[in-house]
Every structure is written in C-alpha cells, then in structure tokens.
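I am keeping these entries while I go through the coordinates. Confidence comes before geometry.

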Amino acid sequence: MFGGYIISVAIFVGIWVTLALSLNILTGYAGQVSLGHAAFFGIGAYTSAILSLKYGLPFWVDFLGAIVVTGLIGMVLGLPSLRVRHDFLVLATMGINFVVVAVFKYVDFFGGAMGLINIPAPSILGYSFRGGLPYLSLVWAFAAFTWLVSWYVSKTWAGLAFHTVRIDEEAAAAVGVSVPRFKVYAFVISSALAGGAGCLYGHFIGSLFPDTFVFVESIVVLSMVIFGGIGTLRGPILGAIILKAAPELLRFVQDYRFTIYGALLVLMMLFQPMGLLGDDSFLWRSLTRLFSPPARGEPRGGEAEEQGPDGSTEPALTYRGARHSSLSKE
Amino acid sequence: MSQQLGTPLLEVQRVSKRFGGLEALREVSLQTEREILGLIGPNGAGKTTLFNIISGFLPPSSGQVYYDGRLIHGHRPHQIVEMGIARTFQIVKPFGSLTVMENVLSGYGMPYYPSWRAFVRRFTPSSESVTRDILERTGLSAWAEAKASSLPIGLQRRLEIARALATGPQMLLLDEPAAGLTAQEAEELATLIRQLYEQGISLIVIEHNMAFAMSLCQRIVVLAQGQVIAEGTPAEVQSNPAVIGAYLGSET
C-alpha cells in the first residue's frame, strides 16, 4: 500500500509538473499572466472523459482529442489577451476560469455538480492500467514531452518573439513581431499541453468534479511557476515538485501544513523573487558555480569571449547572460 | 528596389492627427528620396507623432502615406517593418533582459515571424554571421553577450539602430538618436548614419541638436505646432525667418 501511495503522489506531481511547464510557456515566455490555467486543465479532463464515456473511444484518441480540443478552446479564450494587458488580463483569465467551472457545473452534458464518474482506465492492446508504474511512466513521459516542447520553442524564432512580446510589445512590433499572433500561439501551445495533463488526471482519478478545476488551482499552478523560477526550463519542475509534494510530506504537522506552505511562498517572494532556480537566484548561482568552476582570475565571466575595447571605457558588465540568460541560447 | 522613376520613396500627403481637441499634425505633406532627411522642430511640434503614423503605431485622422508607391497607413507596425521601414524609439526600448546579440537577432528574425518558419531554430550559421556582422558595423561586438539593460544609454541607442538594421530595412526612422550622447558619441553616431546612407538606406532623423542635424542631414523639414513651416537645405532652413521665429520666438 505504501508503495502505491508513493506512486500516486508521484503521478500527481508529474501531472502538476506538466501544468507548471505548460503555464510557463504562456506566462514565463510570452509574459501573459494567466490565472485561468485550471480551466484548460479541466477542459482537457472533461473532453477526454466525455470522448471516453459518451463515445466509447479508446484512450489514445481521448488523449489526442483532449490536446486538440483544449488547444482550440485556448485559442478562442486567449482572444481577450489581444485587447487587454497586464492586470486586466489577469482578471479576464480569472473570469474565464469561473465561466468554465460554471459550465461544468450547470450544463447536464458535462455531468453537472455530480460530475462524471466511471471514467475507464486506459488500456493498450487489452492491457488496462490505472495507477502503478505503467501509469506513472506515462505521466512522466508526457511531462518530459512538455519539457521538450518548452526547450524546443525556446530555441526557435517563436521563442525569441515570445520574449520580445513579454518585454515590450511596441518594440516587438518594431522588429516585425505580430504581437497578437504570438499571444495566440502561446495560448494554444500552453492550453493544449494543459489539456493533455487534464486527460491524464481524469483517467487516473476515474471521476471528475467541477470543483477540482476552480480558480484556486490556477493560483497553485502559477505559484509553482513563480516559486521555481519563472521563464526557465528548470524552475517550474522544481516548483511543482515542491509545492505538490510538500502538502503530502507535511502531513505530520496536520493543520499547520497550509500555514507552512503559505509562509514558504511569502519568504520566497521576499528573498528570492526570481524563484528558487531563477537566473539570479542564490541557489542557481551556487549550483552553476559549483559545476562550472570559472577560469582563473575571472570570478564568473569565464565565458566572456571578448573584452571591451579598452580597459578605461569598458562598462561594468556582468557576462552572466552568456550562459544562463533566460532560456534563449542554451 | 522596386522604386519607380519619378515616385518618391516615401510620400506623406496632407496627414492630420487629432488627439481629442489637440491637433498634433495639420495637413503635413513631405516627400523623401534616398537621402538623410532631418526632421526638426520645437518640443510638441508633432515629429514623433509623424513617425508613429509612418511606422503604423498610430492611424492618421486624415491624409495618406505612400511608401514605394503603395498606400501604407492603416497597416500594422509589424507589416510596415516587413515592407522595409524600420524605426527606433525616442525613449529607448531595448529588450533589456536579452543579450545584445539576441536583441539584434530579434530584428533578423523579421521574415520568419509571420510564417510557420517561426518554429524553426534561430541559431544557424547564417543568422549568427549576419548578427555578428551588424554588431561589427555598429561597433557593438565587444558587448555581444552583455545584457542590453547593462549598457549605457549611448550604446543602447546604438543597439536600437543595430536591431532596426537587422530587419534589413530600405528606410530607417531614427527618433532623436543623439539625445543624451556626449559630443564624441554623437560624432561616432553621425559617422555610422552616413555609412548607412552610403550602404543604400534612406534615413529620416528627428533631431533636437541643431548643430548635429545641420552637419548630418542633406535636407531638413521643420515642423512647428503640427505644420511644416520650412523645408530645404540646412543653410536655407537656418536662415529662414519662420524657423528662427519658431525656435526663438519672433520679434513682433
């Protein structure tokens, strides 16, 4: 039983790692802060459950269906981002989350408040598995796929365009980036991946209720991204692992665990606002120093290929950007 | 260049812009060929507004803008860059958390962004060599790996030019490129601008520094209170009573 418990926790962690990584593409790369990510998680879960329950389609079809449908809905629901920015977008995405949950709750087709139950376990070639190591592998394989997508995007022109949109929309337009187009791209990629996570969640739990996908869950996912290090490829993974596993590991302190959880977040934002593994965080700096000792005489400018034109006019620059600047070159 | 004989490269026809009750531009017309055109005028004359209209950041209230014989107003800023007009900003907007190299690369990516090719890898031998070449030309090679936000203002202005250049423009709009520069930096900038002109790029330069504009530009258009009050060579403009009046206040 204990092993089963650990595996279950690891499955949940894997699903939330996927969610955090997918939100990171939207919020960390393209700078569109969303408090509605749980809605896309839910749309994926409900889509796959309905495909499976009402149409009897096999798991793999449900899974792809969840990804495609959620991506398309993400495209539509991302349209407000073309009109509103910053805090207004945050409110708009929050609103989207409320609306989506209300639809799950009050439309009979989606099971209403009673939810959808008896979602079959996935089966491949007649071999059905719910939970256990096979399911764990599946979940983490998708998390790895999400990471690969994030990594690949960060290497492309689109990745650079996302950066420009995040940093300054006018300057982005001035270099030829269609800001609306790339915002929609970010919403589609991000929500499609969250939809896949939703499918894996639904088929694991076996039953879906609207309250699982409420706005508070969106906050949790965004916290994971920020806690770990927004915009990086590593941060959201660690953030999701810590914040998802912590409530389980902190069971021994019973009622105080959410107090500790909250205090952890406050402390992080006070002392390491770039996240645990953000580019300028204490932990990440220490780690990189540990694993790549700088060349002699240069404390951390080891990779600076060129010096300033001459000593006197050289501004005080940190060449840290070379190796660990936000995703862009590694 | 598909420019037809007889049509100017850029033609602004009777462009007006109103912001509520304020008339920022009134029936402004100007034409430019391949040249370094100075756009000068007192604060609030409407120079930046005109740039914003040409580059698609603002729609005109009335009037037309033609570029290379095509009507361009009403197009989005990113489309205007694709047509070959790049710009810099009066208040610099470098991508601060990106490196200098990445900033320039962001301009070189211009042809990729509109198509599926946005999803191909951006670091290729050619993208790297072109960016390095632009950094070389603009004197920024030494800072290639530095974060853009760590550069002093003079280099940030230069970086904006480099980034605009990377989009491969036929025309560059520079909004007060010499603002905040030391005399020596301004001189280096003037040299750079002349080189760009010699490489076949047409430039419109907004400038506050009269001496700088007079020595750099081949032709000057003077805006005051939203209207063109004078146009001509630096010498003609300098001796024009209307210009002197606009800058110093007329005697009567």
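**Entry 1: confidence, chain A**

What pLDDT does chain A average, and what percentage of the residues score at least 70? This is a predicted model, and I looked this up before anything else. Chain A averages a pLDDT of 85, with 88% of the residues at 70 or above.

I then looked for the extremes in chain A. Helix 7 of chain A (residues 157-167) has the highest confidence, at a mean of 97, and helix 14 of chain A (residues 321-324) has the lowest, at 35. Residues 296-330 of chain A have a pLDDT below 50. This stretch still has 53 contacts in the model beyond near neighbours in sequence. Where pLDDT is low, the predicted coordinates should not be read in detail. I therefore leave the detail of residues 296-330 of chain A alone.

**Entry 2: chain B, overall**

I counted secondary structure next. Chain B has nine helices and ten strands. Its radius of gyration is 18 Å, and the globule rule gives 18 Å for 252 residues, so chain B is as compact as a globular protein of that length. Along the principal axes, the C-alpha atoms of chain B fill a box of roughly 60 × 40 × 40 Å.

**Entry 3: the sheet of four strands**

I traced the strand order 2-1-4-5 in an open sheet of chain B, with antiparallel pairing. Strand 2 (22-32) and strand 5 (70-71) of chain B are the edge strands, each pairing on one side only. Seven bridges join strand 1 (residues 10-19) of chain B to strand 2 of chain B in the antiparallel sense. I checked one partner: Glu11(B) is bridged to Gln31(B) in strand 2 of chain B.

**Entry 4: the sheet of six strands**

Which strands are at the edges of the sheet with the order 6-7-8-3-9-10 in chain B? This open sheet has six strands and mixed pairing. Its edges are strand 6 (85-87) and strand 10 of chain B. The twist averages 20° from one strand to the next.

I looked at two pairings here. Strand 3 (residues 36-40) and strand 9 of chain B are parallel and share four bridges. Ile40(B) stands opposite Val222(B) in strand 9 of chain B.

Two helices pack on this sheet. Helix 6 (residues 183-198) of chain B touches strand 3, strand 7 (171-175) and strand 8 (202-206) of chain B, and its direction makes about 150° with that of strand 8 of chain B. Helix 9 (residues 241-248) of chain B touches strand 9 and strand 10 of chain B, at about 130° to the direction of strand 10 of chain B.

The other pairing is antiparallel: strand 9 (residues 219-224) and strand 10 (residues 227-232) of chain B are joined by five bridges. They form a hairpin with two residues between them. Ala224(B) has Gln227(B) as its bridge partner in strand 10 of chain B. In the turn, Gln225(B) has a positive phi of about 45°.

**Entry 5: a helix pair**

At what angle do helix 3 and helix 5 of chain B pack? I read about 35° between helix 3 (residues 100-108) and helix 5 (residues 153-166) of chain B, with the axes 6 Å apart. The crossing of helix 3 and helix 5 of chain B is right-handed.

I listed the residues that meet. Helix 3 of chain B contributes residues including Val100(B), Val104(B) and Tyr108(B), and helix 5 of chain B contributes residues including Leu159(B), Arg163(B) and Leu165(B). By class, this contact of helix 3 with helix 5 of chain B has eight nonpolar, three polar and one charged residues.

How values were computed: Residues are numbered from 1 along each chain as its sequence is written. Chains are lettered from A and ligands numbered from 1 in the order in which they are written. This is a predicted model: local features need pLDDT of at least 70, side-chain atom pairs count only at pLDDT 80 or more; totals for chains, interfaces and linings use all residues. pLDDT is the predictor's confidence in each residue, from 0 to 100. Two residues are in contact if their C-beta atoms, placed from the backbone, lie within 7 Å. Two strands pair if DSSP finds at least two bridges between them. Axes are lines fitted to C-alpha atoms, for helices over the stretch in contact, and angles run from 0 to 180 degrees between N-to-C directions. A crossing is left-handed if the near helix is turned anticlockwise from the far one by less than a right angle, and right-handed if clockwise. Ala, Val, Leu, Ile, Met, Phe, Trp, Tyr, Cys and Pro count as nonpolar, Asp, Glu, Lys and Arg as charged, and the others, Gly among them, as polar. The radius of gyration is taken over C-alpha atoms; the globule rule is 2.2 Å times the number of residues to the power 0.38.
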